[in-house]
Structures are given as C-alpha cells and as structure tokens.
Amino acid sequence: MPERQSLVARTLPFLTWGLTFHILAIALLFGFFRMSENTVRAIAAWKEMFAVLVLIATIVRMARGTGTRNGVVAADLFAGGWIGLAVVFVLTENILWRDNISTIGAFLGLRDAAFFVLFYFVGRGTPEIGDDDRLLKRAFLVLAVVSAVAVLEQIFVTPRMLVAMGVASYVNTFLGTPLSTAGNSFGLPDNYWSLMGGHLVRRSGSVFLSSQGFATPFLVLLPAATMWLWGRAKSPTFWERVWYCVIWAGLLASFTRAVILICALQLLLAMVYLKRPTGAALIASLCLTALVGVMVAFPGIANFIFETITWQSGSSTSHLKDWTNGITAFFERPWGYGLGTADQTAQRVGLDPITADNMYLKYAVEMGVLGLIAIVGALTAFTVASVRLIQNGITSAQRALGVTVALATLGIAADGMTAVVFNNPIVAYLFFWFAGACVTLAQRSAPRLATAPMPALASHA
C-alpha cells in the first residue's frame with residue numbers, strides 16, 4: 001500500500017510551481033515594479049528558507065519516530081561529504097590558503113555549490129513521493145505551460161518588450177552578471193540569440209528569461225513527463241499528445257543543442273524501457289526526417305550543425321578556452337582555489353572566473369579533487385539506486401521514479417560537460433529531492449530479492 005503523504009511531501013507541488021515562476025517574478029519585482037534591491041533579495045530567499053524548513057521538519061519527523069528510518073548507504077556519504085567539504089572551505093579557505101575571498105563571495109559560493117544537496121536528505125525522509133503519480137503529471141503540466149509560453153514568445157514577444165519587463169535590469173544589476181549581456185545592445189542575456197548560417201536567430205527563454213535556463217529543466221522534467229504520458233496502462237488522449245508536441249516545440253524554440261540531443265536520447269531510452277519498439281523507431285525516423293527537411297529548407301542550419309559537430313562554432317571555442325583554463329588550474333592547485341572562484345558565482349562577486357561552462361571543472365577548481373570525487377560519486381550512487389529501483393520497485397509509480405532519476409542523472413552528467421547544470425534551482429532542488437526518495441525506495445526494495453520474486457512489469461507494447 002502506498003504511504004500516506006507527509007506534510008513535507010505535500011509541499012513538493014508548492015516548490016515545483018514556485019521555482020517555475022521564481023525568476024520571472026523576481027525580475028518583474030525588481031526591474032518592472034522597481035522595488036528596492038534589499039526587499040527583492042529578501043523575497044528571493046524564500047527558496048532557501050523553504051529548504052531549511054523542510055529539512056528541519058524531516059529531521060523532527062524522523063526523531064519522533066513517525067518518519068522513515070534508513071541505514072547509511074554510499075549515496076549518503078557522498079552527499080554528506082559534498083556539503084561538509086563545502087562548509088570546511090567556507091570556514092578555512094582564507095585562513096589556510098590566504099585566498100582573500102570575500103565573505104559574501106564564500107557564502108554565495110556555498111549556496112551555488114552545495115546548498116541544494118540538502119534536498120537529497122529531504123528526499124531520503126519522504127520516499128512516499130515515489131508512490132504518487134501526480135509527481136509525474138505535475139512535471140508534464142509544468143513543461144506544457146512553460147513551453148506554450150516559449151512558443152508564444154517567438155510569435156509575440158520582442159527584445160524591447162523583455163527590456164520593458166525588467167529583464168535587462170534584473171540580469172545586469174540584480175544578478176550582477178554584465179559579462180553575460182555584453183554581446184548585444186539590449187542588455188539581455190547573450191544566449192537569447194544564436195548565430196546560424198551567418199544569421200542571428202532569437203531563442204526562447206520562456207518564464208526563465210534565458211534560453212539555457214529554460215532548456216535545462218527539461219533534463220529532469222521531461223523524463224518524468226514522458227513516463228507519465230506513455231507509461232500508463234491507458235493510452236494518451238488526443239489533447240495530451242498535442243500538449244506533448246507543444247512541449248517539444250518549446251524545447252526546440254530554445255535552440256539549445258546539447259539539451260535537445262540529450263532529451264531526444266532520454267525519450268528514446270524511455271521508449272525502449274516501456275517496450276515500445278515501434279514508438280522508438282518512429283521517434284528516430286521522425287527526428288532524422290525533420291533534421292534533413294530543415295537542412296534542405298534552411299541551408300544555414302546545415303552549416304550550423306556542421307560547425308557544432310566539428311567544434312568550429314563560437315560557443316565551442318569558448319568552451320575549449322574555459323576547459324583549458326580549468327584543467328590547467330586544477331593541476332596547478334588540486335586542493336582547490338575556494339568557493340566562489342569559478343563560473344557565474346565569481347562574476348557576481350566581481351572576480352574573473354577561473355573556469356566556466358563545465359560542471360566538473362567548477363568543483364575541481366573550487367573544491368579540489370575531493371569536490372570532484374563528491375559530485376562524481378553522488379551521481380554514480382544515484383544511478384545505481386535508480387537501476388535497482390527500476391528492477392525491484394514494488395509499484396509502477398516507484399519504477400517510473402527510478403526511470404526518471406536514471407535518465408535525469410544521465411542528462412545532468414552529459415550536459416554538465418558544457419554547462420554548470422546545478423546553477424538552475426529547479427533542476428538542483430527537484431533532482432536531489434527525487435534522488436533522495438529514489439535511494440530510500442531502492443534500499444527498501446533490496447531485501448525483497450531474498451524473500452519474494454521480482455514483480456512482473458506491465459507490457460506497454
């Protein structure tokens with residue numbers, strides 16, 4: 001029987017929808033309504049206060065004996081070590097290594113590098129979310145809403161309208177990242193445009209106000225939405241299929257190449273798991289046909305794809321430069337340069353980032369070899385737990401959560417080569433909550449191997 005939803009678990013919908021519209025709301029408050037920066041920052045801190053409160057509630061629930069009790073597993077050690085190491089760096093980096101990193105920079109680095117891992121332990125105490133199909137349906141609804149906004153944005157919203165909404169003010173002043181807007185006269189994030197065949201193409205940012213920020217949540221939410229739509233016993237309705245097409249149209253409107261390719265792979269793997277070989281073959285053929293058709297209709301796209309594959313595009317050159325800097329810095333100082341010295345965190349505190357555009361190099365540079373071990377170890381442990389849950393989950397909902405976490409981990413690990421994925425709160429917070437629940441459910445299901453046969457998976461052929 002599915003567990004009764006705890007109070008903490010019942011806050012997950014609030015967090016999901018709140019994070020979805022968080023950036024848009026903050027940008028409007030600061031840039032359009034011109035509220036004071038201190039006031040807006042206090043409002044923006046709701047998500048961090050939420051994290052602390054739900055973690056405390058989870059600990060209290062377990063201390064009272066009303067929550068789940070779990071033995072320590074490898075994932076706990078990696079996640080706990082991740083947080084512990086980050087705290088040690090905050091307390092000692094200026095004392096031991098005289099890095100002269102400002103207090104604000106260090107604590108901002110702690111938030112960006114490790115704070116979100118707290119949600120893993122919230123997930124460990126709320127495994128009941130894995131028995132609720134509404135978790136997957138909610139992911140579908142969120143993607144449908146933000147993708148519809150992205151499609152409409154391409155038709156109706158102009159760069160000047162975004163400036164009027166306060167997006168430029170939010171990015172340049174509130175976030176303090178003017179380097180990310182230096183390539184255009186609007187003061188908007190440069191990733192709103194991409195050069196294709198010698199022409200600038202505008203990309204959708206939806207409610208996340210950034211094409212990269214819009215596309216990245218698909219790495220976690222699209223596997224969940226796919227499992228809800230195609231993994232049920234009943235066939236999707238006509239309108240559900242239409243909205244799924246809208247979801248993909250929105251993702252394509254972001255023109256985020258790496259995420260699009262990774263999501264296509266996630267979809268293909270999900271169809272294989274669901275024993276839908278016809279669907280998998282159809283998806284592959286449609287993608288190939290669409291790609292050829294677009295290349296014929298728009299020759300510039302073909303050149304764009306060729307430049308991407310051969311690493312001749314501007315973003316590829318930038319990636320290689322950042323990676324070279326990061327690898328060099330890591331080998332020069334393998335114990336780390338301190339939190340707040342890499343990627344957008346460094347920009348926000350007025351430092352020249354040592355490296356950027358790579359999740360692994362961010363941790364290797366900021367937290368040294370131990371930080372790199374922590375993130376790789378955690379992702380590996382989550383993958384192992386998700387595979388066990390897929391194999392041994394008691395209910396179809398649990399197995400669907402296992403597939404979601406497995407595909408999301410794959411997507412994050414792959415996209416992390418060209419982006420710092422956990423800079424996006426909706427990705428970091430939800431992924432670690434899901435992963436924590438997945439680890440607990442996998443841990444519970446393991447003893448069943450010795451006492452009960454594996455449940456038969458429903459055929460979706």
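Of the 461 residues in the chain, 52% are buried. The model is a predicted one. Its secondary structure comprises 21 helices and two strands. Contacts between residues at least 6 apart in sequence were also examined; 76% of them join residues at least 24 apart.

Two helix pairs were examined. Helix α18 spans residues 359-392, and helix α19 spans residues 396-415. Their axes come within 9 Å and cross at roughly 155°. Angles over 145 degrees count as roughly antiparallel. The two helices, α18 and α19, are therefore roughly antiparallel to each other. The crossing of α18 past α19 is left-handed. On the α18 side, the contact involves Met-359, Tyr-360, Leu-379, Phe-382, Thr-383, Ser-386, Leu-389 and Ile-390. These meet Gln-398, Arg-399, Gly-402, Val-403, Val-405, Ala-406, Thr-409, Ile-412 and Ala-413 of α19. By class, eleven residues of this α18 contact with α19 are nonpolar, five are polar and one is charged.

The second pair joins helix α7 (residues 134-156) to helix α11 (residues 218-230). Here the axes lie 7 Å apart, and the packing angle is about 120°. The crossing of α7 and α11 is left-handed. From α7, the contact draws on Leu-136, Lys-137, Ala-139, Phe-140, Val-142, Leu-143 and Ser-147. From α11, it draws on Phe-218, Leu-221, Leu-222, Ala-224, Ala-225, Met-227, Trp-228 and Leu-229. The residues in the contact of α7 with α11 comprise 13 nonpolar, one polar and one charged.

Leu-28 was examined as a single site. This residue lies in helix α1, which covers residues 12-32. Its relative accessible area is 25%. The limits for partly exposed are 20% and 50%, so Leu-28 falls in that class. Neighbours within four places in sequence were left aside; beyond them, Leu-28 is in contact with Phe-33, Arg-34 and Met-165. Ser-169 is 141 residues from Leu-28 along the chain. The C-alpha atoms of Leu-28 and Ser-169 are nevertheless separated by 9.7 Å.

Two aspartates were examined for their backbone angles. Asp-343 has a positive phi of about 55°, although it is not a glycine. Asp-343 belongs to helix α17, which runs over residues 343-348. Its relative accessibility is 7%, so Asp-343 counts as buried. Asp-357 is likewise not a glycine, and its phi is positive at about 60°. This residue, Asp-357, sits in the loop between α17 and α18. With a relative accessible area of 23%, Asp-357 is partly exposed. The cut-off for buried is under 20%. Asp-343 at 7% therefore meets that limit, whereas Asp-357 at 23% does not.

Cysteines were considered last. A disulfide is a covalent bond between the sulfur atoms of two cysteines. The structure holds zero disulfides. Cys-245 has a relative accessibility of 54%, so it counts as exposed. Cys-438 has a relative accessibility of 0% and therefore counts as buried.

Conventions. Residues numbered from 1 in each chain as written. Predicted model: local features only at pLDDT ≥ 70, side-chain atom pairs only at ≥ 80, totals over all residues. Heavy atoms only, no water. Axes fitted to C-alpha atoms, helices over the stretch in contact; angles between N-to-C directions. Helix = DSSP H or I, 4+ residues; strand = E, 2+ residues; numbered from the N terminus. Parallel < 35°, antiparallel > 145°, perpendicular 65-115°, else oblique. Left-handed = near helix turned anticlockwise from the far one by under 90°. Contact = heavy atoms within 4.5 Å. Nonpolar A, V, L, I, M, F, W, Y, C, P; charged D, E, K, R; others polar. Disulfide = S-S within 2.5 Å. Buried < 20%, exposed > 50% of the residue type's maximum accessible area, 1.4 Å probe, protein only.
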